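Visitor: I would like a close look at a single part of this model, taken slowly and with the neighbouring elements brought in as they become relevant.

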Amino acid sequence: MAESEFNCIIMGAAGRDFHNFQTFFRDRPRFRVRAFTAAQIPYIATRSFPRELAGPHYDADIPIHAEERLPELVHDLNIDFVFLAYSDLSHEEVMHRASLVQACGASFTLLGPRHTQLVSRRPVVAVTAARTGAGKSPISQMLARHLRETGRRVAVVRHPMPYGDLSRQRVQRFASPPDLDKFECTIEEREEYEPYLEQGLTIFAGVDYEAILRAAEAEADVVVWDGGNNDFSFFRAGLWIVVLDALRAGHETAYYPGETNFLAADVLIINKVSEAPTQSLADLRRHVRDARPDAILIESDLAIDVEDRGAIAGRRVLVLEDGPTLTHGGMSFGAGTIAARKFGAAELVDPRPAAVGSIAALFEKYPRLDRVLPAMGYSPQQREELKRTILASGAETVVDGSPARIDRLLDLPLPVVRVHYRFQQLAGPPLGELVDRFLATGSAPIAE
C-alpha cells in the first residue's frame, strides 16, 4: 500500500453510502474503500457493490458486510477511516458508533453537503425531514402537481432504495405501473413510487445520481427532491423545505442528520398538528421561533380518507403501516391506525400471535409495536411471510396505510381498504406560492 493511501469503510444502508462513494471516493483513489457495512435494511449484506459502478480505480466488486462485523473488519482490513453514511440515528447512536470505531483504532468521519451534493442545471426544490415518517412524500406530491398545473415540466427524484441488482438499478425511471414490475420493486419501493404514478407523474431513482439527475433534467424545467428517512438532499437545492413531526416534538434536534435539515431549511413545516398533544405542539412552535426565526414557518395536517368506509365500520381490522416509519422511524402507529379508528373499526387486531418468520422476528426486535403490522417485503420470502401473517390473524378487513398497493402484491382473499392522505396546509404563506416566488426570482423566500 502506498504511504498516502487510506483504507476506508463506509457504514451504510443501501442509499447514501453508495452515493457518497460515487461523489467523494470514486475519483479520490487516495481514499480506498475496502468494504461497506449494512444496517436497517434486511438482506443488503448478501450483495456487493459492482465494480462497473465503482470506477477505474477498482478492479473487483466491493464487499458489503453486516454492520455487526465492523470491529473485525477494522482490524483485518487495517482501516484508517470509517465514514458513517446513513440516516435516522439518534445523536447518541451516532456517537456510540464513533466510540466503537475509535476504540478499534480508526477515525470516524461524516461527509457533508459540500462534498456530496450534485449541482443541477435546473432549479431544485428539496423536501426533507427531521424524522422518517414525518410526511415528506405527500408534500412532494402536492408540489409536483402544483408545478405541473402551472405549466412547468417537473421531474421527481427519490432518495435511493436500490434493494435489487445494483448494476441494473443504476438509473431507474418510473412512468407507469409496469415499470415497478420491470425493476422488481419491493413493497418499500412501491410505497414511494406508486402514488406518483397514480397521478401521472414520472419519478426517478437508482444508484448513480449524477446520471439520474441528468436524465431528470432532460425531461424537466424543475427538479423536486423527495427525501428518504431524515437524510439531506443529494442535490444542492435552491429551496429547501424541511418537515417536522408534531407527534415527535424535540426530535428535530435529537437525530442525525435531521438536525442538519432543521438548521439549514428555508421553509419549516410542522406537520400532523391536529393529532399532537397541545403542550408538545406549543413546545415545538417555541423551539422553531427561538432556533430558526429566519425560516418561513408553515403548519399542516395530513387529510386522511379511505376508498371504502363500509368495509371498516364494525369490522375486526388488521392495520398495515409503512415499515420504515414503524421500525427505525420509531412510530407506533400511522395513517392506517388513524383511519381505522376514524371510520369505526370494531377492533384493531393484534398480529403478533399470527406472525411467522421474519415478521415474527420484527416484533421481537420492536416490542413496542402493538395492533399494527409493518408492511415489510424486501424479498419474495418476506412478502410470503407477511401474507401468511395476515391470513392467520383472524381479521375481517385489512386497512392498508402504506401506499404500496398490498391488494395487488399479495392476492389476499379478504377486503383491503386503501388509505389516502394528502397535504393540508393550515397556517403560514401558501407553499405553492413560495415555490412560484423561488422560481420567479431564483432565490429562496425569506421570513418576514
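Visitor: In which hand does helix 6 pass helix 8? Please take helix 6 as the starting point and follow its contacts outward.

Guide: This is a predicted model, and in it helix 6 passes helix 8 in a right-handed crossing. The axes of helix 6, which spans residues 136–149, and of helix 8, which spans residues 187–198, come within 11 Å and cross at roughly 25 degrees. Since angles under 35 degrees count as roughly parallel, helix 6 is therefore described as roughly parallel to helix 8. On the side of helix 6 the residues that meet helix 8 are Ser137, Ser140 and Gln141, and their partners in helix 8 are Glu192, Pro195 and Tyr196. Sorted by class, this contact of helix 6 with helix 8 holds two nonpolar, three polar and one charged residues.

Helix 6 also packs with helix 17, residues 431–441, where the angle is about 60 degrees and the axes are 10 Å apart. That angle makes helix 6 oblique to helix 17, and the crossing of these two helices is right-handed. Helix 6 brings Ile139, Met142, Leu143, His146 and Leu147 to the contact, while helix 17 brings Leu431, Gly432, Val435, Asp436 and Leu439. By class, the residues in the contact of helix 6 with helix 17 comprise seven nonpolar, two polar and one charged.

A further helix pair can be set beside these two. Helix 14 and helix 15, the latter covering residues 380–392, pack at an angle of about 75 degrees with their axes 7 Å apart, and the two are therefore roughly perpendicular to each other. Here Gly357, Ser358 and Ile359 of helix 14 meet Gln382, Glu385, Leu386 and Thr389 of helix 15, a contact whose residues divide into two nonpolar, four polar and one charged.

Helix 14 leads in turn to the second largest pocket, which holds about 700 Å³ of space. Among the 32 residues lining this pocket, Ala39, Gln40, Ile41, Lys365 and Tyr366 are the closest to its centre. Helix 4, residues 91–103, and helix 14, residues 357–365, each supply at least two residues of the lining, and helix 14 gives the most, with four residues. Taken by class, the lining of the second largest pocket consists of 17 nonpolar, eight polar and seven charged residues.

How values were computed: Residues are numbered from 1 along each chain as its sequence is written. This is a predicted model: local features need pLDDT of at least 70, side-chain atom pairs count only at pLDDT 80 or more; totals for chains, interfaces and linings use all residues. Side-chain values use heavy atoms; hydrogens and water are left out. On a 1 Å grid over the protein atoms alone, a cavity is a set of points where a 1.4 Å probe fits but cannot get out, and a pocket is an open set with protein on both sides within 12 Å along at least five of seven lines; lining residues have an atom within 4 Å of a point. Grid points are joined across faces, edges and corners, and a volume is the space filled by probe spheres set on the points. Ala, Val, Leu, Ile, Met, Phe, Trp, Tyr, Cys and Pro count as nonpolar, Asp, Glu, Lys and Arg as charged, and the others, Gly among them, as polar. Axes are lines fitted to C-alpha atoms, for helices over the stretch in contact, and angles run from 0 to 180 degrees between N-to-C directions. Angles under 35 degrees count as roughly parallel, over 145 as roughly antiparallel, 65 to 115 as roughly perpendicular and the rest as oblique. A crossing is left-handed if the near helix is turned anticlockwise from the far one by less than a right angle, and right-handed if clockwise. Contact means heavy atoms within 4.5 Å.
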